[in-house]
Amino acid sequence: MMVNYDAVRHYFESKGGFSMHTPYQDGFKVAAFVLGADKRVVRDARLGFLLALKTFGPDNFSTLQRSIKDLVANPSLKLVLSLLRLSGYDSDVFYKFKQFLIDKVGHPYASEKIQQDVRKDIKEIYDCYYPLSKSKDVAFEIGRLFMSMKDYKSAMKYFIDSLRDCGEHHVTHYNLGLCHNYVGDFASALKSFNKSLEIKPDYHEAREWRNRMAHKMNQLTNGMGNK
């Protein structure tokens, strides 16, 4: 939406306020409009605003992350993590670079120390995340990331959040089934694979895993009966 910042500036000045604006003509336009405060009293805020926009403003960050996405074919894990931290843990930036993280966060690519740092970063990202669009299912992708680190209990939490916030999906139930299996909860795994097949009956991977779970459950039942 186009905004006439000059008109807004005149309005605020007519009410005794003031405004601050991006110093550059090209790129994103950023403005702050203030009422009820004297310029002289909020000079630290004014200085902070101008320094932020002159040194590394929103347009600079947007250019940087677009350039990395377009020009760096295989960014390192450290580069992507640095970009996420620089973004203030923006979930949209995470979503754009999710596959690089998922591919590189598991062993042997990432050490235990790096994985611990990633867990902290993911918490920051999720704390800032609002599920406004079902087409960008951040919880689902975080679940996949935790699966890559073989942290299946944490992954399950995010897949459950994905189902709550973005709706039922056969792959989400399938991934939940895998996680239940890897933590030894075979009955819940079987339920998840069945749910996946209810949504998409021709989902071959879920059918294979459902058969495995059914076989395993039969073995456990027969084993207990033979004791």
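The questions and answers below concern a predicted model, and they move from the overall fold to single residues.

Q: How many helices and how many strands does the protein hold?
A: From the N terminus on, the order of elements is α-β-β-α-α-α-α-α-α-α-α-α-α-α, so the two strands follow the opening helix and are themselves followed by helices. The totals for the protein are 12 helices and 2 strands.

Q: What is the radius of gyration of the protein, and what does the globule rule give for 227 residues?
A: The C-alpha atoms fill a box of roughly 85 × 35 × 30 Å along the principal axes. The protein is more spread out than a compact globule, because its radius of gyration is well over the value from the globule rule. The two values are 25 Å for the protein and 17 Å from the rule.

Q: What share of the residues counts as buried?
A: The accessible surface of the protein comes to about 14,000 Å², and 55% of this surface belongs to carbon and sulfur atoms. Residues count as buried when their relative accessible area is under 20%. Of the 227 residues of the protein, the share that meets this cut-off is 37%.

Q: Which percentage of the contacts with a separation of 6 or more joins residues 24 or more positions apart?
A: A contact here requires heavy atoms within 4.5 Å. Among the contacts in the protein with a separation of 6 or more, the part that comes from residues 24 or more positions apart is 53%.

Q: How far apart are the mean positions of the positive and negative charges?
A: The protein carries 34 positive and 26 negative charges. When the mean position of each set is taken, the distance between the two is 2 Å.

Q: Why is the pair of Tyr126 and Tyr158 edge-to-face?
A: A search of the whole structure finds 13 aromatic pairs, and in the pair of Tyr126 and Tyr158 the ring centres are 4.9 Å apart. The pair links distant parts of the chain, with Tyr126 in helix H7 and Tyr158 in helix H9, 32 residues apart. Both Tyr126 and Tyr158 are buried. Planes over 60 degrees apart count as edge-to-face, and the pair therefore earns this description from its plane angle of 85°.

Q: Which residue has its ring stacked with that of Phe146?
A: Phe146 lies in helix H8 and its partner in helix H9, 12 residues apart. The ring centres are 5.5 Å apart and the planes stand at 5°, so the pair counts as stacked. Phe146 is buried at a relative accessible area of 4%, and its partner is buried at 9%. The partner is Tyr158.

Q: Which residues do ring pairs link into a cluster?
A: Beyond the pairs around Tyr158, ring pairs also join six residues into a cluster. Its members are Tyr152, Tyr174, Tyr182, Phe193, Tyr203 and Trp209.

Q: Is Ala37 buried, partly exposed or exposed?
A: Ala37 lies in the loop between strand E2 and helix H2, where it is in contact with Phe18 and Val42 once neighbours within four places in sequence are left aside. Its C-alpha atom is 36 Å from that of Gln65, a residue 28 positions away in sequence. With a relative accessibility of 25%, Ala37 counts as partly exposed.

Q: What is the phi of Lys150?
A: Lys150 lies in the loop between H8 and H9, and a relative accessible area of 61% makes it exposed. Tyr89, in the loop between helix H4 and helix H5, has a positive phi near 65° in a residue other than glycine. Lys150 is not a glycine either, yet its phi is positive, at about 60°.

Q: Which residues does Ser162 touch, not counting residues up to four places away in sequence?
A: Ser162 has its place in helix H9, and it counts as buried at 1% relative accessibility. The residues it touches are Asp137, Ala139, Phe140, Gly167 and Thr172.

Q: What distance separates the C-alpha atoms of Phe186 and Asp202?
A: Phe186 lies in helix H11, and its contacts beyond four places in sequence are Asn181, Met213, Lys216, Met217 and Leu220. Asp202 is 16 residues away from Phe186 along the chain. The separation of the two C-alpha atoms is 22 Å.

Definitions and conventions. Residues are numbered from 1 along each chain as its sequence is written. This is a predicted model: local features need pLDDT of at least 70, side-chain atom pairs count only at pLDDT 80 or more; totals for chains, interfaces and linings use all residues. Side-chain values use heavy atoms; hydrogens and water are left out. Helices (H or I, at least four residues) and strands (E, at least two) are DSSP runs, numbered from the N terminus. The radius of gyration is taken over C-alpha atoms; the globule rule is 2.2 Å times the number of residues to the power 0.38. Buried means under 20% relative accessible area, exposed over 50%, partly exposed in between (1.4 Å probe, protein chains only). Accessible areas come from the Shrake-Rupley method with a 1.4 Å probe; for residues, only the protein chains shown count as cover. Lys and Arg count as positive and Asp and Glu as negative; His and the chain ends are not counted. The place of a charge is taken as NZ of Lys, CZ of Arg, CG of Asp or CD of Glu. Rings of Phe, Tyr and Trp (its six-membered ring) pair if their centres lie within 6.5 Å; planes under 30 degrees apart count as stacked, over 60 as edge-to-face and the rest as tilted.
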